[in-house]
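Visitor: I would like to go through this structure with you, and to hear the reasoning behind each term you use.

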Amino acid sequence: MNQPLNYRNTGFITSAPTIRHLPNDTGVEIAFAGRSNAGKSSALNRITDQKSLARTSKTPGRTQLINMFEVVPGCNLIDLPGYGYAQVPLEMKLKWQESLGEYLQKRECLQGLVVLMDIRHPLKDLDQQMIMWAIESRLPVLVLLTKADKLKSGARKQQLMKVRDSVKAFGGDVQVEAFSSLKGIGVDQVRRKLDDWFAPELERQLAMLEENEAQDDE
């Protein structure tokens, strides 16, 4: 079994307006997507135990670029532009959606998608479209019901079970967890899922290292 990764070591790599401005399409990338007010940046900061890795703003919709963060070489987290925020000008919204769609469709090293949605308003149309796209592309999905601290324990569990039941209709590999950046709810589950998704790349790197060492010994 692989050792858990230390997400505190995660560092910023680059911001890109389109996939053509991203580094080479290699390794494993896990993308975070969600409506502009779903708490994506706060979630990334909590998962990596850093206060300002991803920029947070009181005005939703500030993530206008594809932001890349490296956990370890070959294992990256991607913060995608938020979608569906009404107060963003239409032209800008369409531009973001274009770069978002291009990344999701063409980035071959994408191996998992984390879809974040407010636990009080889950599975809006765009959220469902995002999940369905991933399933059609045979990508595993982790749905995070953010701001879980806003509900009392009983209501939170009820909503979690309701969403888990709803996503069964989609088919595919979809896991649903409650999450709170403020209270730390669900953080360990997210890290374990990321570890699982990154594991094949780490195993590949280890095998290459061992092969090179064996050749050096000959």
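**Terms and the values behind them**

Guide: In this predicted model, R107 has a relative accessible area of 7% and is buried.

Visitor: Why is R107 called buried?

Guide: The term applies under 20% relative accessible area, and R107, with 7%, therefore counts as buried. E29, with a relative accessible area of 0%, is buried by that criterion too.

Visitor: How do you know that R107 forms a salt bridge with E29?

Guide: The closest N and O atoms of R107 and E29 are 2.8 Å apart, and the criterion asks for a Lys or Arg side-chain nitrogen within 4 Å of a carboxyl oxygen of Asp or Glu, so the pair qualifies as a salt bridge. The pair links distant parts of the chain, since R107 lies in the loop between α2 and β5 while E29 belongs to strand β2, 78 residues apart.

Visitor: What makes R20, E102 and K106 one network?

Guide: The side chains of E102 and R20 meet in a salt bridge at 2.8 Å, N to O, which joins helix α2 (residues 90-106) to the loop between β1 and β2 across 82 residues. E102 also meets K106 in a salt bridge, at 3.8 Å, N to O, a value that lies within the 4 Å cut-off. Because E102 and K106 are four residues apart in helix α2, about one helical turn separates them. Salt bridges that share partners thus join R20, E102 and K106 into one network.

Visitor: Which of the two, E102 or R20, is buried and which is exposed?

Guide: E102 has 14% relative accessibility, which is under 20%, so E102 counts as buried. R20 has a relative accessible area of 61%, which is over 50%, and R20 is therefore exposed.

Visitor: Why are β1 and β7 called edge strands?

Guide: Seven strands form an open sheet in the order β1-β3-β4-β2-β5-β6-β7, with mixed pairing. β1 (11-16) and β7 (174-178) are its edge strands, as each pairs on one side only.

Visitor: What makes β2 and β4 a pair?

Guide: Two strands pair if at least two bridges are found between them, and five bridges join strand β2 (residues 28-34) to strand β4 (residues 75-79), so these parallel strands count as paired. One of the residues involved is F32, whose bridge partner in β4 is D79.

Visitor: Which strands does helix α4 touch?

Guide: Helix α4 (residues 153-167) packs on the sheet, touching β6 and β7, and its direction makes about 170 degrees with that of β7.

Terms used
Residues numbered from 1 in each chain as written. Predicted model: local features only at pLDDT ≥ 70, side-chain atom pairs only at ≥ 80, totals over all residues. Heavy atoms only, no water. Helix = DSSP H or I, 4+ residues; strand = E, 2+ residues; numbered from the N terminus. Contact = heavy atoms within 4.5 Å. Axes fitted to C-alpha atoms, helices over the stretch in contact; angles between N-to-C directions. Buried < 20%, exposed > 50% of the residue type's maximum accessible area, 1.4 Å probe, protein only.
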